[in-house]
Amino acid sequence: MVQSSPPSQTSLPDTVTELELDGRRILLVGTAHVSKQSVIDVEQTIDEVAPNTVCVELCASRHQGLIDPDSWRKLNILKVLREGKAPLLLSSLVMASFQRRIAKKLGVTPGAEMVAGIEKAGELGAELVLADRAIEITLRRTGASLGFWTKLKVFSQLLAGLFVGEDISAEDIEKLKEKERLSDALQMLANELPQAKATLIDERDVYLAQKIRDAPGETVVAVVGAGHVKGITEHILGDSDLGPLDLVPKPSLAPRILKWAIPAAIIGLMIWGFVTGGADKSQESLALWVLINGGLSALGVAFALGHPLTVVSAFVAAPLTSLNPFIAAGWVAGLVQAWIKNPTVEDLEDLPEAITSFGGFWRNHVTRILLVVVLANLGSTLGTFIAGTLIAARTL
């Protein structure tokens, strides 16, 4: 049985939601990740109740990043490229950029309230539970739930956010923790991107609730984003199987078919053009394919301020890789850029600071490589659709 009630101690912050679950006391501290007040709330709550366990809304990799600020030095950019994780890493950095810029403006370290929970747990000798799902799984599940054009829309909005300055105060951040404002914000997300809300928020509500429910001890303090408090409260009574939430769904049959069907169709159109129109028509189609596909991929690399040789490599690679589902133009361009401008230790150390500004994404060699990969692939994909459509119109 779970009961929700106001904090039983008047000295507890208003951001604390206290639950009683089968005789155990669970206190959810709703926080904002760039709020000085949230740090105070976490420390005050843990000092007051001396919990057996402290749960934090972190996975292992995010926990490592918080407790070891120098962990960026260990980033192997070539391994990231080989494993095809460049888009995931770039998306993660772009999302972190907004938070870091606000935190810098307000004079607080992003995730400081989580660090406070970790440190307080250590001081008390309380058990620490990392209650969140792995960030890579969350991003992969989100990506799998979105179509190509929706992904393009989301990524465009993320990049656009780099151009926009933030005029936000500490008071604005504190207002974000109010239940009414949270409800409005989540409803807007649900309306705009219901699939993204499901994986980014709803599934993690279930995940966090189960981890907190399973946490040992009679008294548990959970430090979570304020937007998760309502969902955790609703789900904590149930006994959820987290296995399915840790799986990345395989692509549906349609994308796997298209991955082969589109190159086959392009090659078929060129052959048909040769049969029906002769060598001249076939050469014109081939020229269209090379110029549009290679040109747009090279344009993407140029926009990322890639090295001239990287631009050339994208132009040469894109028309070929677009016909081969096993390799992408961005991988080739990214490897060339990494070979020419191999990131230094200084680049890795500068990465957290670089992502706090628009120019930093283009200045830092690590993020520039990631931009090269993503924008080269985006240009090649658009080139495939545009050139393929023009060739079909000329041939059929």
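1. A good place to start is His 228, which lies in helix α11, a stretch covering residues 226-235. Please keep in mind as you look around that this is a predicted model.

2. Is His 228 buried or exposed? Its relative accessibility is 6%, and because buried means under 20%, His 228 counts as buried.

3. Now look at what surrounds this histidine. The side chains of His 228 and Asp 205 make a polar contact at 2.6 Å. Setting aside neighbours within four places in sequence, His 228 also touches Glu 57, Leu 200, Ile 201, Arg 204 and Leu 208, and Asp 205 appears in that contact list too.

4. From the helix, turn to the strands. Strand β3 runs over residues 24-31 and is mostly covered, with 7 of its 8 residues buried. It is worth finding β3 in the viewer, as the next points come back to it.

5. How do strands β2 and β3 pair? Strand β2, residues 16-21, pairs with β3 in the antiparallel sense, over 6 bridges. To see one position in this pairing, find Thr 17, which stands opposite Leu 28 of β3.

6. The link between these two strands deserves a look as well. β2 and β3 form a hairpin, with 2 residues between them. In that turn, Asp 22 has a positive phi of about 50°.

7. Strand β3 has another partner: β6, made of residues 219-225, pairs with β3 in the parallel sense over 7 bridges. Which residue of β6 is the bridge partner of Val 29? That partner is Val 223.

Technical notes
Residues are numbered from 1 along each chain as its sequence is written. This is a predicted model: local features need pLDDT of at least 70, side-chain atom pairs count only at pLDDT 80 or more; totals for chains, interfaces and linings use all residues. Side-chain values use heavy atoms; hydrogens and water are left out. Helices (H or I, at least four residues) and strands (E, at least two) are DSSP runs, numbered from the N terminus. Buried means under 20% relative accessible area, exposed over 50%, partly exposed in between (1.4 Å probe, protein chains only). A polar contact is a pair of N or O atoms within 3.5 Å; within protein, one must be able to donate a hydrogen and the other to accept it, and residues adjacent in sequence count only if both atoms are side-chain atoms. Contact means heavy atoms within 4.5 Å. Two strands pair if DSSP finds at least two bridges between them.
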